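Student: I have a structure open on my screen and would like to understand the labels people attach to it. Could we go through them together?

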Amino acid sequence: MDKEEEDIHNDGIVHHGHRDGGVLPVSGLYENWFLEYASYVILERAVPNLYDGLKPVQRRIMHVMKEMDDGRFNKVANIIGSAMQYHPHGDAAIGEAIVNMGQKDLMIETQGNWGDIRTGDSAAAPRYIEARLSKFALEVTFNEETTEWQLSYDGRKREPVTLPVKFPLVLAQGVEGIAVGLATKIMPHNFIELCEASIDILKGKKTNILPDFPTGGMADFTNYNEGKRGGKIRCRAKIESADGKKVLIKEIPFGTTTESVIDSILKANDNGKIKIKKVIDNTAKDVEIEVQLAPGVSTDMTIDALYAFTDCEVSISPNACVIVEDKPLFLGVNDMLRTSTENTLHLLKTELENEMRHLENKWHFSSLEKIFIENKIYLSIEECETWEEILEMIDKKIKPFKKLLRREVTMDDIARLPEIRIKRISKYDAFKADEYIRGLEDQMATVKNHLDNLTDFAVDYFKNLIKKYGKGRDRKTEIRMFDKIETNVVAVANEKLYANYAEGFVGYGLKKDTYICDCSDIDDIIAFRKNGTYVVSKVSEKQFMGKDLLYVDVYRKNDERKVYNVAYYDGKSGVSYVKRFNVLGVIRDKDYEISMGTPGSKLLYFTANNNSEAEKIGVHLSNMASAKIKYLEYDFSKLEIKGRSSKGNTLTKHPIRKIELKEKGKSTFKGRDIWYDADIGRLNVDGRGQLLGNFTSEDKILVILNDGSYELTDNELTNRYEQNDIHLIQKFHEKQPINVVHYDASSKNYYAKRFLIETTTTGKKFLFINEKPGSKLILASTAENPEVEIKSVTAKGEKKVETILLADFIEVKGWKAIGNKITYDAFKSAKLLSDKVGAWQEEVKEDDASNLPPDGDDGIVIDELDGQKTLF
């Protein structure tokens, strides 16, 4: 019987042979099978090596393309076939890896249809597309002498363990891979920023690199955490408002395609989250998705809704994991860059040392050759009969000259001398030989200087990479800070809310009952009951919220301006109380008490006020009351707004017959302070950014744009401003002049003008400079009399600097006027120096707040006798 049959006969277990001829039982082979398999996938398939930034398949592709490189393009099918000699996992994996690298446009130069990461279009078949190594790849990736080699999987060829990449490639390209038990997800970073950060590391500075995505868009890296586990990136599309009837998506978030973004928009529309008319994909050279809005839909609200409900905003969780010394390590991107930079420094040093060794060898043999020929040592070997005698004779003749050399003369050196051809000896030019040796000495001095100043050499190396390959590689992703979008605020009101007050049912399916308001299907609903309790629940088609409902509305969390004014009777003490309170935060479906919750307690009066209105009420006491005066009035404006659990103030200890509305309420808020956060282009009441002022609902905001136009907007916190376009933003004052210096392209002169805003329309831009292309805004100020420094050059070439006070220089004219010419010399610059008189101060009367028109809900009075509510 043969060996395998003998093994089975002896112990019943098949033994498998190894390359070394040994055998291993099956039980031993599979003892640690999972760990070995996991290690294999981690090291050989999914995770890149930190030092060259490549997965094994990518490294083998690069190696094969270098072997095939002759400066011309090669069919990708041929590259795949050659790579299969090194990579034992099939052509599909290799082809996918080539296309992935080619689309990153860094290491591989492509030709043909390679697909489009923006649209999700796939590449053509490998036989139709071509590739070659980029010049950048040839410069930074390959070096025969500094490469560590190993045998391929079948032992027939050699392949690199890692390539000597002198660049942080893993950070430039980014990578994503799923192994067994772990995964890696490293974001791509900007080429120029990586080089500059490497330079900073070489100079001993700290770095903080942030991703840059090929799809552009905007990203909030607040919680990036250096790309380590637990970090988070919020990516948004760049969306522009166009003519108030549509929005244009110009750039999409990383990891999405135009197709996936459009699908998510259509899905959100179908689900009623947004309201649109049509979506058109106009993507060609640049991304453009046109979203046409339904009539009456706000562009600002739609943009927020697109971020809230579609793939126009996505969240990415990085997980930076790389192989270092055959082990997976979780490192931050700054640590990766530091290690990569140190590795580049080491490789540059090794290359310089190798270059120095080659130059020294050339100098050494050139000097030996010079001594051999000029001293005619070749004549002394004519009488020698054996090779050994020839070598001995040459060694003897050269001995006096050895002190002129830089290293010992070996027998290999001597053996090369008699191999010099007679033709070369006869045409030997001593002058040219000296020139050549001096050239080698100059090169050696340069290399030695680089070695002595290795850090400076490495800095120049990275600067040279930027100079040679940095063109067109500017940052594409805008770094921003995003605000949190409240989904229930921006969601389209796609349902109508109804309520059956008597039976206690609320929902958008009760179409035969009382209409409350429009709402979205993600809103929360607040319902107050006559027994003095209330509850907040998520809106549904039909939901029971308690019998004898008093008030139902959409609930807005943390709405401090929504104030409830109530009067209630305490069943235990018999005292009636009044209170004003907010409902800022609640637990869904939990009953809350307005009163103290004692038996017999009930509501006597209730109003819900959207802008903290405080009315006056008339209180009619019961005829059985012991009080002589049976009527009193109470003003809610004298009552402080407190929490929902507060007891309130005593209204009366006598029994009440009824309460009536005496005078409609006025807001007790004198407006609210609003800030503009330039980082996100949004308004807020949290003190972030520039304080614009105190606003009532009628106040407007003035925005002066860099294109020479102005716009008035309301002060809604949902407003969106493109911060890069804003020249000035502030509270609008009707009588405050705008001071402007501008260039008029028609007359080719610079002018100053002062004008008042004469329009009242909000949300529309008005151009106040010449509309001819080339006209531009130089500066704008709303100070009462700003001082401006004008620099110019006279016809004789003399530099001239003068200052003007704009209010003294020109009177206020119409907003379409061109203004007065500020100089007759060649204009150079204009700079705002100071506000001579001071910033605009608007006269505010003490009783302005009290004169605001009320906009609260009508009062609801509960009659003690019949329990019915009366609407005023």
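Tutor: Happily! Keep in mind that this is a predicted model. A good place to begin is H450, which lies in helix α16, residues 430-452.

Student: Why is H450 called partly exposed?

Tutor: H450 has a relative accessible area of 24%. Buried means under 20% and exposed means over 50%, so H450, at 24%, is partly exposed.

Student: Which residues is H450 in contact with, leaving aside its neighbours within four places in sequence?

Tutor: Those are L352 and F457. A contact means heavy atoms within 4.5 Å. For a contrast in scale, take T696: it is 246 residues from H450 along the chain, and their C-alpha atoms are separated by 68 Å.

Student: Let's turn to the cysteines. How many disulfides does a search of the whole structure find?

Tutor: The search finds zero. As a reminder, a disulfide is a covalent bond between the sulfur atoms of two cysteines.

Student: How do you know that C519 is too far from the closest cysteine sulfur for a bond?

Tutor: The closest cysteine sulfur to that of C519 is in C517, at 6.0 Å. A disulfide needs the two sulfur atoms within 2.5 Å, so 6.0 Å is too far for a bond.

Student: And what makes C519 and C195 buried?

Tutor: The cut-off is under 20% relative accessible area. C519 has 1%, so it is buried. C195 is at 0%, so it counts as buried too.

Student: What makes strand β15 "largely enclosed"?

Tutor: Strand β15 spans residues 289-293, and five of its five residues are buried, so the strand is largely enclosed by the rest of the structure. I289, V291 and L293 point one way, while E290 and Q292 point the other way, and all are buried. In a regular strand the side chains alternate between the two faces of the sheet.

Student: How do you know that β15 pairs with β13 and with β14?

Tutor: Pairing needs at least two bridges. Four bridges join β13 (residues 246-251) to β15, and five join β14 (residues 276-281) to β15. Both pairs therefore meet the requirement, and both run antiparallel. In β15, I289 is the bridge partner of I249, and V291 is that of V279.

Student: Why is helix α11 described as mostly covered?

Tutor: Helix α11 covers residues 299-309, and eight of its 11 residues are buried. Among those buried residues are T299, I303, L306 and F309. D304 is buried in α11 as well.

Student: There is a four-strand sheet further along. What makes β22 and β25 its edges?

Tutor: The strands form an open sheet in the order β22-β20-β21-β25, with antiparallel pairing. β22 (514-519) and β25 (543-544) each have a single partner strand, so one side of each is left without a neighbour in the sheet. Inside that order, three bridges join β20 (residues 495-500) to β21 (residues 505-507), and Y498 stands opposite G507 in β21.

Student: How many cavities of 30 Å³ or more does a search of the whole structure find?

Tutor: It finds one. About 30 Å³ of space lies in the largest cavity, and its lining includes L497, G507, K538 and M545.

Student: What kinds of residues make up the lining of the largest cavity?

Tutor: They divide into five nonpolar, three polar and one charged. Gly counts as polar, so G507, a residue of the lining, is placed with the polar ones.

Student: What makes the phi of K376 and of D589 worth a look?

Tutor: Most residues other than glycine have a negative phi. K376 has a positive phi of about 50° although it is not a glycine, and D589 likewise has a positive phi, of about 65°. K376 is in the loop between α12 (333-374) and α13 (387-398), and D589 is in the loop between β28 (576-581) and β29 (592-593).

Student: Why is K376 called partly exposed but D589 exposed?

Tutor: The dividing value is 50%: exposed means over it. D589 is at 53%, so it counts as exposed. K376 is at 48%, between the two cut-offs of 20% and 50%, so it counts as partly exposed.

Methods. Residues numbered from 1 in each chain as written. Predicted model: local features only at pLDDT ≥ 70, side-chain atom pairs only at ≥ 80, totals over all residues. Heavy atoms only, no water. Helix = DSSP H or I, 4+ residues; strand = E, 2+ residues; numbered from the N terminus. Buried < 20%, exposed > 50% of the residue type's maximum accessible area, 1.4 Å probe, protein only. 1 Å grid on protein atoms, 1.4 Å probe; cavity = no way out; pocket = protein on both sides within 12 Å on 5 of 7 lines; lining within 4 Å. Points joined across faces, edges and corners; volume = space filled by probe spheres on them.
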